[in-house]
Amino acid sequence: MNRRSFIENITAGGGVLASSVLWVPFSPTAPATEKVPARELKADVVVAGGGLGGFAAALAALRNGLTVILTEETDWIGGQITQQGVPPDEHPWIETHGAPQSYRDFRTGVRDYYKKHYRLTDEARARPFLNPGDGSVSRLCHEPRVALAVLLDTMAPYLSSGKLTLLLEHKATGAEVDGDKVQALKVQNRRWGNSLVLSAPYFVDATELGDLLPLTGTEFVMGTESRKETGELHAPEVGNPQNNQAFTMCFAMDYVKDENHVITKPREYNFWRNYVPTMAPVWPGKMLSLWYSTPNNPTVPKVLGFHPEGIKTGDSLNLWNYRKIINRNNFAPSTYSGDITLVNWPQNDYLLGNIVGATEKEFNRHVERARQQSLSLLYWLQTEAPRPDGGQGWPGLRLRPDIMGTDDGLAKYPYVRESRRIKALFTVLEEHVGAQQRVQVTGRESGNTAADFYDSVGVGYYHIDLHPSSAGNNYVDFGSLPFQIPLGALIPQRTENLLPANKNIGTTHITNGCFRLHPVEWSIGEAVGMLVAQSLKKKVVPRAIREDKQHLKEFQEVLRQQGVETHWPKA
């Protein structure tokens with residue numbers, strides 16, 4: 001299809017910037033609009049998806065002098081750290097190294113935001129590594145809105161100068177492709193239904209589910225690969241493209257003692273109250289309980305604790321403290337009536353369907369059921385959860401829609417752990433990053449490192465953490481090693497000018513488990529944004545940057561000059 005035909009087949013209208021703070025619920029149909037000639041916008045690069053990878057890609061491209069169109073299907077950029085309600089999961093060295101300088105600048109910006117705008121105690125304000133919530137999951141647990149504010153402040157100069165066009169509440173729905181090149185994207189305004197055509201020399205798929213891959217005909221894989229396919233120790237004997245990790249509808253709550261904030265009984269509560277997952281190894285009972293499978297040994301049941309005043313719950317982890325984003329003791333007296341925590345727990349992992357590659361109707365159905373599951377978890381905590389004093393329920397638990405920026409108090413978008421993945425020039429396997437399989441590869445019982453990639457464009461670390469899956473696999477959780485991000489995993493085998501910048505890079509189901517976290521996603525996006533800039537500067541395609549030793553050396557030097565680490569420090 002030529003450009004004129006592509007544009008003529010699209011309806012459009014209205015302005016190019018949707019910046020309302022109201023959330024538009026996902027809908028399988030959009031409002032009808034009068035057919036008028038489509039409006040076309042052009043830039044050096046179009047980035048679809050405003051999560052951490054998309055943001056980092058856009059920022060890197062802008063920093064290197066490019067013009068950028070950034071689209072986001074919700075009204076918040078930031079992905080998992082904002083719209084999905086997940087405080088950062090990070091490695092223990094994050095304060096000093098192991099992530100791009102721009103990511104650490106973002107973290108500093110979050111801390112500075114609290115110090116500038118919030119009534120902190122003197123002691124909390126003096127802490128160089130302030131953790132507003134003191135959640136145990138991260139050295140920096142904070143509110144989604146603060147992350148959003150810092151991200152938008154960073155983008156403000158580029159928006160003002162016109163170098164960046166930010167299209168909120170826009171979703172990619174079509175593409176024009178000529179051979180191995182993408183020519184344009186069609187995006188639809190989710191609020192009004194009108195469409196735009198976005199054209200550029202380069203396109204970045206930073207969507208949460210790898211949406212551009214099928215739209216552009218870029219080859220991809222989904223779900224689990226078999227052990228025969230990948231040779232991975234922890235891969236299943238039989239692969240299944242529909243078998244993906246659970247997604248989660250997160251929510252925020254606080255606790256106001258002696259008050260009653262019990263929500264209306266969710267319509268599916270009776271189902272979720274009695275739901276026992278079908279899983280191998282077996283899940284230890286009902287999902288709505290304080291029992292779950294030990295992640296690194298799922299045959300062993302493990303009990304969790306819960307007390308919304310944050311007190312110790314014996315030897316068990318108090319779930320209240322796990323993802324706590326506000327510790328009221330860090331703030332002036334009377335600022336908060338109680339702590340605030342984000343709920344992303346085993347009990348609200350959704351296992352009854354797969355949204356990767358689902359139709360919009362299926363997506364909406366599963367997301368709505370996941371909402372019911374999360375609301376049922378809250379209602380169970382308010383009314384039936386066991387208390388240390390022998391009672392049941394904590395009616396003072398209060399849902400906080402204001403924290404999540406939605407009417408119902410649930411996140412704007414599902415927390416997605418897995419996506420479509422490109423068929424890449426190079427695929428990262430367990431043998432490259434898994435601690436146990438590296439022993440087999442090297443023949444050494446100790447002193448091992450992850451594979452050394454000649455084309456490294458970043459670094460990262462997290463253990464390989466696979467949540468229970470839609471096809472009934474229990475946790476797969478085991479050790480990895482601090483790793484590098486190979487450039488070959490960021491380049492599709494065929495499509496020349498489309499690059500991934502989220503969970504859609506060249507990993508497997510197994511290795512995605514350590515590449516999917518916040519700082520790694522940011523690192524991927526930053527490398528991709530700079531790769532686009534370098535490709536345009538050198539007038540070569542990304543594949544040529546990797547294949548030519550001089551081009552690769554120059555690109556890696558540019559990365560390091562701009563604060564990207566390509567190697568871990570030697571021990």
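This passage describes the nonpolar cores, a helix pair and one buried glutamate of a predicted model.

The largest nonpolar core holds 91 residues. Within this core, Phe106, Tyr114, Val204, Leu487, Leu490 and Phe515 touch the most other members. A second core lies apart from it and comprises 44 residues. Ala246, Tyr255, Tyr269 and Phe363 are among them. In soluble globular proteins, nonpolar side chains tend to be buried together.

Phe106 also has contacts beyond its sequence neighbourhood. With neighbours within four places in sequence set aside, Phe106 is in contact with Ile81, Ala147, Val150, Leu151 and Trp522.

Helix 3 spans residues 101–117 and packs against helix 15. Their axes are 9 Å apart, and the angle is about 130°. The two helices are therefore oblique to each other. The crossing of helix 3 and helix 15 is right-handed. Helix 3 contributes Ser102, Tyr103 and Phe106 to the contact. Helix 15 contributes His518, Pro519, Trp522 and Glu526.

Glu521 also belongs to helix 15, which covers residues 518–538. Is Glu521 buried or exposed? Its relative accessibility is 1%. The cut-off for buried is under 20%, so Glu521 counts as buried. The Glu521 side chain reaches the backbone nitrogen of Gly53 at 2.9 Å. Gly53 is also one of the residues that Glu521 touches, when residues up to four places away in sequence are not counted. The others are Gly51, Leu52, Gln80, Ala501, Asn502, Lys503 and Phe515. Phe515 is in turn one of the core residues that touch the most other members.

Terms used: Residues are numbered from 1 along each chain as its sequence is written. This is a predicted model: local features need pLDDT of at least 70, side-chain atom pairs count only at pLDDT 80 or more; totals for chains, interfaces and linings use all residues. Side-chain values use heavy atoms; hydrogens and water are left out. A nonpolar core is a set of buried Ala, Val, Leu, Ile, Met, Phe, Trp, Tyr and Cys residues joined through side-chain atoms within 4.5 Å. Buried means under 20% relative accessible area, exposed over 50%, partly exposed in between (1.4 Å probe, protein chains only). Contact means heavy atoms within 4.5 Å. Helices (H or I, at least four residues) and strands (E, at least two) are DSSP runs, numbered from the N terminus. A polar contact is a pair of N or O atoms within 3.5 Å; within protein, one must be able to donate a hydrogen and the other to accept it, and residues adjacent in sequence count only if both atoms are side-chain atoms. Axes are lines fitted to C-alpha atoms, for helices over the stretch in contact, and angles run from 0 to 180 degrees between N-to-C directions. Angles under 35 degrees count as roughly parallel, over 145 as roughly antiparallel, 65 to 115 as roughly perpendicular and the rest as oblique. A crossing is left-handed if the near helix is turned anticlockwise from the far one by less than a right angle, and right-handed if clockwise.
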